[in-house]
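Work through the three exercises below with the structure open. Try each task before reading its solution.

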Amino acid sequence: MTKIFEKISDKNHEQVVYCNDPSSGLKAIIAIHNTVLGPALGGCRMYPYKNEEDALVDVLRLSRGMTYKASISNLNLGGGKAVIIGEPNSDKSEVLLRSFGKFVQSLGGKYITAEDVGMTVRDMEFIRMETDHVTGIKRAMGGSGDPSILTAFGVFVGMKAALKKRLNIQSLHGLKIGVQGFGKVGYYLCSHLKSEGAEIYGNDINEESLQRVKDEFGVNPVSADELISMDLDVFSPCAMGAVINPTAIESLKCSVIAGAANNQLEKEDRDSKLLKEKKIMYVPDYVINAGGLINVANELQGYDKEKAKFQVEGIYHILTRIFDYAINNNISTLEAANILAERRIQDYSKWNHQ
Ligand code: NAD
């Protein structure tokens with residue numbers, strides 16, 4: 001039997017809510033990891049998990065990640081996440097989504113939901129019929145719209161922060177940047193890279209996405225193996241996770257890794273240390289790709305595009321602080337980010353309890 005309390009206590013989760021509604025077919029889990037800094041914001045993922053335990057493990061892992069991301073981004077938010085067990089293409093219905101909305105509402109704002117894998121902006125509108133605690137609504141409905149635009153902008157400024165620290169370079173002009181994945185984020189990232197005169201190389205398993213960036217930004221297509229092993233200033237993973245592993249690290253010749261993909265390192269501890277040894281500056285994924293979270297967080301105070309963009313620009317300074325802390329303490333950039341994210345929560349907690 002799944003030892004639920006053991007699993008919840010292991011990483012200090014505050015609350016886990018099992019949502020069961022036979023009349024709509026809803027089976028969901030909401031995990032609230034930490035609310036010291038504010039309500040727990042995190043997307044809702046719909047996925048046909050093999051079993052209940054896989055769903056629990058996923059929601060616990062993802063919600064904890066949100067705590068770190070919100071904290072390091074200086075947001076007054078905690079970390080949470082929800083998973084709905086089911087196949088999005090066949091099991092999703094208005095009543096299932098509204099039922100999920102009712103459970104979110106029952107938490108009184110302690111958890112704020114948003115879109116994630118398997119969910120769409122339209123789904124959020126059904127959820128919003130039952131709860132106010134939802135973000136990621138269309139611009140036309142007063143929301144913040146597509147988060148990828150600011151996620152890409154955050155990756156761009158984060159890349160610049162890393163290049164300044166690692167190579168003392170201010171501009172990307174003439175630099176060779178390799179991008180893996182030209183989806184929503186990769187596409188917008190290319191427009192920034194192109195406007196600063198970078199040479200862009202990359203690949204995508206989707207021919208149409210590749211063709212689009214070739215036509216619009218003059219991207220030079222290379223094979224997946226070439227991309228990993230070619231002489232680049234920056235490698236930017238913007239597709240899937242776990243692309244950085246010991247084999248890839250051996251081939252990499254770049255100075256910086258700065259991309260949007262979540263969970264880029266196959267094994268965080270091992271791979272962040274290997275990169276440090278090889279003097280490749282790894283920009284922690286959850287810091288550089290926080291533009292999307294910062295964007296939806298802005299909905300909570302009434303969305304203002306300029307304000308959200310200004311906050312995303314702050315990723316430059318957040319990263320510079322992380323790099324300095326890592327250098328001064330001779331630790332990996334990921335370790336430094338984790339320490340600083342945890343410290344903000346601890347400091348606030350102490351101060352708030354005085
Ligand atoms: P997306 O699905 O729009 O794009 C991903 C692209 O990667 C697609 O074009 C796909 O064809 C390509 N791809 C998949 N496997 C590949 C492979 N093996 N090699 C090369 N290309 C491959 O996703 P997105 O919204 O652009 O997000 C990209 C990454 O950034 C994801 O890991 C996502 O979790 C993360 N992220 C996105 C956001 C956001 O605001 N969209 C925010 C934070 C993190």
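**Exercise 1. Domains**

Task: State which domains the assignment gives for the protein chain, and how they sit relative to each other.

Solution:
- Start with the bounds. This is a predicted model. The domain assignment gives domain 1 as 12-62 + 78-134 and domain 2 as 148-343.
- Next, take the C-alpha centres. Those of domain 1 and domain 2 are 28 Å apart.
- Then look for contacts, that is, heavy atoms within 4.5 Å. Four residues of domain 1 touch five residues of domain 2.

**Exercise 2. Nonpolar cores**

Task: Find the residues with the most contacts inside the largest nonpolar core.

Solution:
- Take the core as a whole. The largest nonpolar core holds 83 residues.
- Pick out its best-connected members. Met 159 and Leu 193 have the most contacts inside this core.
- Ask which element gives the largest share. It is α6, with 10 residues.
- Follow Leu 193. Leaving out residues up to four places away in sequence, Leu 193 touches Phe 156, Met 159, Leu 172, Ile 177, Val 179, Ala 198 and Ile 200.
- Now look apart from the largest core. Another core has 22 residues, including Ala 40, Met 46, Met 119 and Ile 127.

**Exercise 3. A pocket**

Task: Describe the second largest pocket and its lining.

Solution:
- Begin with volume. The second largest pocket has about 310 Å³ of space.
- Go to the lining. It has 16 residues, and the closest to the pocket centre are Lys 276, Ile 280, Met 281, Ile 327 and Thr 333.
- Map the lining onto elements. Those giving two or more residues are α6 (148-167), α11 (268-277), β12 (281-282) and α15 (315-329).
- Finish with classes. Eight lining residues are nonpolar, four are polar and four are charged.

Note on methods
Residues are numbered from 1 along each chain as its sequence is written. This is a predicted model: local features need pLDDT of at least 70, side-chain atom pairs count only at pLDDT 80 or more; totals for chains, interfaces and linings use all residues. Side-chain values use heavy atoms; hydrogens and water are left out. On a 1 Å grid over the protein atoms alone, a cavity is a set of points where a 1.4 Å probe fits but cannot get out, and a pocket is an open set with protein on both sides within 12 Å along at least five of seven lines; lining residues have an atom within 4 Å of a point. Grid points are joined across faces, edges and corners, and a volume is the space filled by probe spheres set on the points. Helices (H or I, at least four residues) and strands (E, at least two) are DSSP runs, numbered from the N terminus. Ala, Val, Leu, Ile, Met, Phe, Trp, Tyr, Cys and Pro count as nonpolar, Asp, Glu, Lys and Arg as charged, and the others, Gly among them, as polar. A nonpolar core is a set of buried Ala, Val, Leu, Ile, Met, Phe, Trp, Tyr and Cys residues joined through side-chain atoms within 4.5 Å. Buried means under 20% relative accessible area, exposed over 50%, partly exposed in between (1.4 Å probe, protein chains only). Domain bounds come from an automatic or database domain assignment.
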